[in-house]
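Reader: I would like to learn how to read the helix packing and burial in a two-chain model. Please take the features in turn.

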Amino acid sequence: MNDEVRLEAMAQRLGTQAAERLNVERTTAAVIERLRAEPPRASRWSWMQPTWLRIAAALVVLVGGGLIARRAFVQPGNGGHAIAHFVRDDLTDLSRDQLREVLNRLDETLDLGRTQMSEVDLENLDAQQLRAVLRSLEG
Amino acid sequence: MAQPQPLTEPSPDAALIAAWQRGDEQAAAELVRRHARALARFLAGAGAPDADLDDLVQEALIRAFRAVDRFRGQCQFRTWLLTIGGNVLKDHGRRAARHTVVPLDEGLRSGDGDPHERAEAGEAEARLAVGVKELPRLQREVFLLRAQQGLEYGEIAAALDTTEGAARVHYHHAVKRLKELLQ
């Protein structure tokens, strides 16, 4: 505790000598002179700054809101999910024989796709492969 | 029926501020006369170099008069002025750091200045001056406002836009550091 009292006593003397040397009248005159010479700009800034802050805040809200809305309404995975959903609904209506036929068609189409990938040209296909292409086009 | 008298007179500083806002230069001059020396003592205690003290006092006063519309009476005018002085000193420190290689406190340690004054101040006070200057800014300002200017924690908290509890903590840390330095 004594240390703290001593510290506070010393702190009270801090800067005293330097302050005593200050010529208060000269400082007063200099301050008044500068106040006259430099026209105040603070009043303009006092309303300019909040205005700019408001504009910046409005922009942030606008851009942020737009991004959030875009994410909410335009989800990239949505289209794929919808197609899969419709295909699944259609398949549930099919009989066992019809399903088997669909699977066969799918196999043929995939085989044909592989052929097309490797050879590209229809002229290279044999008669059976051409028939398969035609059947797949008929659906 | 007599009009009730106001319980407290408006503070003289408040009246002078209002007069200055109406363009009364004499009111501004009176405010400078009242508070310039306390401001100088605060700035010198916070480490302002003697050679720049007058300029720093002037700059703080000019800034205060320019921004006086933003003073809402949350604390005394002098306390508010001292916190502006703290900002001015911080800006001065930044400029000095850009233009000088030797830190200001090196000058204090090296024994520059009037030897008679240094002897008067005493070794402990010289060490305290260096220690105060090296404190983090908030600790330094709270310490000076409390120990040097004798202000209450509530007043300090209002001026520095913090809580009374936080001001007490800053003061406690400052005192702890300074005690260690002086032992």
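Author: What follows goes from the chains as wholes to the helix contacts between them, and then to single residues. The model is predicted.

Reader: How many helices and strands does chain A have, and how many does chain B have?

Author: Chain A has seven helices and zero strands, and along the sequence its pattern reads α-α-α-α-α-α-α. Chain B has nine helices, again with zero strands; its pattern is α-α-α-α-α-α-α-α-α.

Reader: What share of the residues in each chain is buried?

Author: Buried here means a relative accessible area under 20%. In chain A, 15% of the 139 residues are buried. In chain B, 46% of the 183 residues count as buried.

Reader: What area does each chain expose, and what share comes from carbon and sulfur atoms?

Author: Chain A exposes about 11400 Å², with 59% of that supplied by carbon and sulfur atoms. For chain B the exposed area is about 9700 Å², and carbon and sulfur atoms supply 51% of it.

Reader: What share of the contacts in chain B comes from residues 24 or more positions apart?

Author: Counting contacts with a separation of 6 or more, residues 24 or more positions apart account for 63% in chain B.

Reader: Next, the helix pairs. What describes two packed helices?

Author: Two packed helices are described by the angle between their axes and by the distance between those axes. Take helix α3 of chain A, residues 24-37, and helix α2 of chain B, residues 25-45. They pack at an angle of about 140 degrees, and their axes are 9 Å apart.

Reader: Why are α3(A) and α2(B) called oblique?

Author: Angles over 145 degrees count as roughly antiparallel, and 65 to 115 as roughly perpendicular. The angle of about 140 degrees falls in neither class, and α3(A) and α2(B) are therefore oblique to each other. Their crossing is right-handed.

Reader: Which residues meet where α3(A) packs against α2(B)?

Author: From α3(A) come Val24(A), Glu25(A), Thr27(A), Thr28(A), Val31(A), Ile32(A), Leu35(A) and Arg36(A). They meet Glu25(B), Ala28(B), Ala29(B), Val32(B), Arg33(B), Ala36(B) and Arg37(B) of α2(B). By class, the contact of α3(A) with α2(B) has eight nonpolar, two polar and five charged residues.

Reader: At what angle does α3(A) pack with α3(B), and how far apart are the axes?

Author: The angle between α3(A) and α3(B) is about 45 degrees, and the axes are 10 Å apart. Roughly parallel needs an angle under 35 degrees, so α3(A) and α3(B) are oblique to each other. The crossing of α3(A) with α3(B) is right-handed.

Reader: Which residues make that contact?

Author: On α3(A) they are Arg26(A), Thr27(A), Ala30(A), Val31(A), Arg34(A) and Leu35(A). On α3(B) they are Asp54(B), Val57(B), Gln58(B), Glu59(B), Leu61(B), Ile62(B), Phe65(B) and Arg66(B). The contact of α3(A) with α3(B) has seven nonpolar, two polar and five charged residues.

Reader: Let us turn to single residues. Is Gln58(B) buried or exposed?

Author: Gln58(B) lies in helix α3 of chain B, residues 53-66. Its relative accessible area is 11%, which is under the 20% cut-off, so Gln58(B) is buried. Leaving out residues up to four places away in sequence, Gln58(B) touches Thr27(A), Ala30(A), Val31(A) and Arg34(A).

Reader: Where is Asp50(B) found, and what does Asp50(B) touch?

Author: Asp50(B) is in the loop between α2 and α3 of chain B. At 47% relative accessibility, Asp50(B) counts as partly exposed. With residues up to four places away in sequence not counted, Asp50(B) touches Ala18(A) and Arg21(A). The C-alpha atoms of Asp50(B) and Ala40(B), ten residues apart along the chain, are separated by 9.7 Å.

Reader: Why is helix α8 of chain B described as largely enclosed?

Author: Helix α8 of chain B spans residues 153-160, and six of its eight residues are buried, so the helix is largely enclosed by the rest of the structure. The buried residues of α8(B) are Tyr153(B), Glu155(B), Ile156(B), Ala157(B), Ala159(B) and Leu160(B).

Reader: What phi does Asp161(B) take, just after α8(B)?

Author: Asp161(B) has a phi near 55 degrees, a positive value in a residue other than glycine. Asp161(B) sits in the loop between α8 and α9 of chain B. At 72% relative accessibility, Asp161(B) counts as exposed.

Note on methods
Residues numbered from 1 in each chain as written. Chains lettered and ligands numbered in written order. Predicted model: local features only at pLDDT ≥ 70, side-chain atom pairs only at ≥ 80, totals over all residues. Heavy atoms only, no water. Axes fitted to C-alpha atoms, helices over the stretch in contact; angles between N-to-C directions. Helix = DSSP H or I, 4+ residues; strand = E, 2+ residues; numbered from the N terminus. Left-handed = near helix turned anticlockwise from the far one by under 90°. Contact = heavy atoms within 4.5 Å. Nonpolar A, V, L, I, M, F, W, Y, C, P; charged D, E, K, R; others polar. Buried < 20%, exposed > 50% of the residue type's maximum accessible area, 1.4 Å probe, protein only. Areas by Shrake-Rupley, 256 points an atom, 1.4 Å probe, with all protein chains shown as cover.
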